[in-house]
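Welcome! Please take a look at the sequence and the model below, and then we can walk through them together.

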Amino acid sequence: MSASKANKKSEVQSHKHELRTEVQEFKRRRILEQSRELFFAQGYEATTLDTIAAELKVTKPFLYSYFRNKSEILNAICEIGIRSPLAALDAALSTKLPPGEKLRLAIERVTSAVLENHQCIVVYRREEMNLEREEYQILADLKLEFDRKLSSLLVDGAKRGEFTFDDTDFTALAIGGLLTWAALWWRPNGRWTQHDVVMHLIRNVERMVGRKARTAGAN
C-alpha cells in the first residue's frame, strides 16, 4: 500500500472514531438530561432506571452501557452543578482586569452558570446524602476550591483598596451561598429573567465587599 493510500485510510478511520465518540457523548448527555429532569421533578429515590429508560424510549441495558448504576448518574449530574460555576469563576479570574471588575465579571459568569444548571444544583442540594462517599468528597473538595479562589480575589481587592470587609473567608462563603441560593428559587419562566438576577446579585455582592457603585457611563 502506498503512503498516500495509507494516510487516506488513517484519516477515514480517525473520522469514524470521532463520529463514534460524538454519538456516544450525545447519548450519554441525553441520559443525564432526562435523569436530571426526573430527579428534579420527583426525586432521586422515586426515580427508577426503568422510568428513565421509558422516558428515553430505550432499554435498561442501554443505560448500563453508559453508567454502572443510578448512583453513577446522580454523581455525574451533581458534578455538573459544581464544576460549571467553578469553570465560570476560573474564566473570570484568568482575565487581566483589576479586582473590582474581575469580581463583577465573576459574579456575572458564575450566576449565569448557576441558573443555566439550576436543576443540577437543586438535585445536588436535595440528594447529597445519596452520593457515593468518594463522590461526596470530590464535590466537597471542588466547593472548597471555589471558596479559596474567591477568597484570594477578595484579598487582592482589599490590598489594592478596592474592597472593604471584615472577614475574608466568611465573606467568600456568603457570596458563594448567595449565588448558589439563586438556583433554588429561580425558574426560567418566573418573575425575574436571568439578566435581572445577575444584575441584582452583582449589586448585592458589591455592597458586601464595600465596593463603590459604578458611576453612570462607566464601562
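## A pair of neighbours in sequence

Let's begin with Arg36, which counts as partly exposed because its relative accessibility is 21%. The side chain of Arg36 meets that of Glu37 in a salt bridge, with 3.7 Å from N to O. Glu37 has a relative accessible area of 39%, so this residue is partly exposed too. Keep in mind as you read that this is a predicted model.

## The overall picture

Now for a wider view. The chain holds 9 helices and 0 strands, which gives the pattern α-α-α-α-α-α-α-α-α along the sequence. Of its 219 residues, 38% are buried. About 12900 Å² of the chain is exposed, and carbon and sulfur atoms supply 52% of that area.

How do the contacts spread along the sequence? Among contacts between residues at least 6 apart in sequence, 70% join residues at least 24 apart.

## More salt bridges

The count of salt bridges comes to 12. One of them links Glu33 with Arg30, whose closest N and O atoms are 3.2 Å apart. Both residues belong to helix α1 (residues 3-42) and sit 3 residues apart, about one turn of the helix. Glu33 is partly exposed, at 27% relative accessibility, and Arg30 is partly exposed as well, at 30%.

Another salt bridge joins Glu132 to Arg68, with 3.7 Å between the closest N and O atoms. Glu132 lies in the loop between α6 (118-127) and α7 (133-159), while Arg68 lies in the loop between α3 (60-64) and α4 (70-93), so this pair ties together parts that are 64 residues apart in sequence. Glu132 is partly exposed at 28% relative accessible area, whereas Arg68 is exposed at 51%. Elsewhere, Glu101, Arg104, Glu206 and Arg211 are joined into one network by salt bridges that share partners.

## One face of helix α2

Which residues of helix α2 (residues 49-56) are buried? They are Leu49, Ile52, Ala53 and Leu56. Viewed down the axis of α2, these buried residues fall within an arc of 95°, so they line one face of the helix. Just after α2 comes Lys57, which takes a positive phi of about 60°.

## A nonpolar patch on the surface

Our last stop is on the surface, where Trp181, Leu184, Trp185 and Trp192 make a nonpolar patch of about 370 Å². Trp181 is found in helix α8 (residues 168-185). With a relative accessibility of 45%, Trp181 counts as partly exposed.

Key. Residues are numbered from 1 along each chain as its sequence is written. This is a predicted model: local features need pLDDT of at least 70, side-chain atom pairs count only at pLDDT 80 or more; totals for chains, interfaces and linings use all residues. Side-chain values use heavy atoms; hydrogens and water are left out. Patches are made of residues with over 30% relative accessible area and no salt bridge: like charges are joined within 9 Å, nonpolar side chains (Val, Leu, Ile, Met, Phe, Trp, Tyr) within 5 Å. Accessible areas come from the Shrake-Rupley method with a 1.4 Å probe; for residues, only the protein chains shown count as cover. A salt bridge is a side-chain nitrogen of Lys or Arg within 4 Å of a carboxyl oxygen of Asp or Glu. Helices (H or I, at least four residues) and strands (E, at least two) are DSSP runs, numbered from the N terminus. Buried means under 20% relative accessible area, exposed over 50%, partly exposed in between (1.4 Å probe, protein chains only). Contact means heavy atoms within 4.5 Å. The arc is that of the directions from the helix axis to the C-beta atoms.
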